[in-house]
Every structure is written in C-alpha cells, then in structure tokens.
Amino acid sequence: MDKRNLAFDRINFILLAVCMAIVIIGFVLMAGPGSTEEVYNPDIFSARRIKVAPVVCLIGFAGMVYAIMRKPKGGSVEEVVTLETKEEAAAE
C-alpha cells in the first residue's frame with residue numbers, strides 16, 4: 001500500500017498514542033479506595049478525584065479529536081489522486 005493513500009501520517013498516530021496515555025492517567029487519578037457501609041472514606045470527595053482527574057481526561061479526549069481531525073502535510077487526497085493519474089498517463 002502506498003503511503004500517500006493513508007488518512008493518517010506518523011504524527012497523527014503519535015498524537016493519538018500520547019492522548020490515550022493522558023486519558024489513562026486521568027482514569028488512574030480517579031481510582032482509589034471507596035467507602036463501604038461500615039467505614040466512611042472522605043477521600044472519595046478529594047479534589048484530585050473530583051476536579052483534576054476529569055479535567056485531565058477531558059484534555060486527553062480533546063487531544064484525540066485534534067489528532068483525528070489533523071490533516072497530514074503533503075497535500076490533500078484530491079491532489080494525490082490527480083498526481084497518480086498524471087503519473088499513470090505519463091507511463092502509458
């Protein structure tokens with residue numbers, strides 16, 4: 001398969017991986033011990049679990065949207081198709 005036919009380039013995949021890692025970090029920040037009926041744990045309402053972790057996840061998801069919407073440099077798909085048809089016509 002020709003590289004020019006791919007919708008994503010290397011940078012898109014790197015951005016997706018980094019943003020996925022950020023989302024995972026956000027979920028890890030949300031994790032922790034919970035409360036039971038016998039023992040109340042006030043840590044479930046800490047600022048880290050209620051405010052920081054969701055913001056980190058939101059940043060990660062927004063970055064994923066950007067990584068998906070980002071156009072690779074090197075021309076649009078129409079330009080690549082036009083170039084390929086010109087090359088094929090020249091070869092014949």
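**Notebook: helix 1 against helix 2**

I looked first at how the helices pack, and found that the axes of helix 1 (residues 10–30) and helix 2 (residues 47–69) come within 8 Å and cross at roughly 165°. Axes here are lines fitted to C-alpha atoms over the stretch in contact, with angles from 0 to 180 degrees between N-to-C directions. Helix 1 is therefore roughly antiparallel to helix 2 (over 145 degrees). I noted that their crossing is left-handed, that is, the near helix is turned anticlockwise from the far one by less than a right angle. I sorted the residues of this contact into 20 nonpolar, 4 polar and 2 charged, with Gly counted as polar and Asp, Glu, Lys and Arg as charged.

The model is predicted, so I kept in mind that local features need pLDDT of at least 70 and side-chain atom pairs pLDDT 80 or more, while totals for chains, interfaces and linings use all residues. Numbering runs from 1 along each chain, and side-chain values use heavy atoms, without hydrogens and water.

I then turned to helix 2, where a kink of about 30° lies at A53, shortly before the proline P54; the bend is the angle between axes fitted to the seven residues ending there and the seven starting there. A53 is also among the buried residues of helix 2, as are R49, V56 and C57 (buried means under 20% relative accessible area, with a 1.4 Å probe and protein chains only).

For the whole protein, I recorded 3 helices and 0 strands, helices being DSSP runs (H or I) of at least four residues and strands (E) of at least two. Buried residues make up 20% of the 92 residues.

Definitions and conventions. Angles under 35 degrees count as roughly parallel, over 145 as roughly antiparallel, 65 to 115 as roughly perpendicular and the rest as oblique. Buried means under 20% relative accessible area, exposed over 50%, partly exposed in between (1.4 Å probe, protein chains only).
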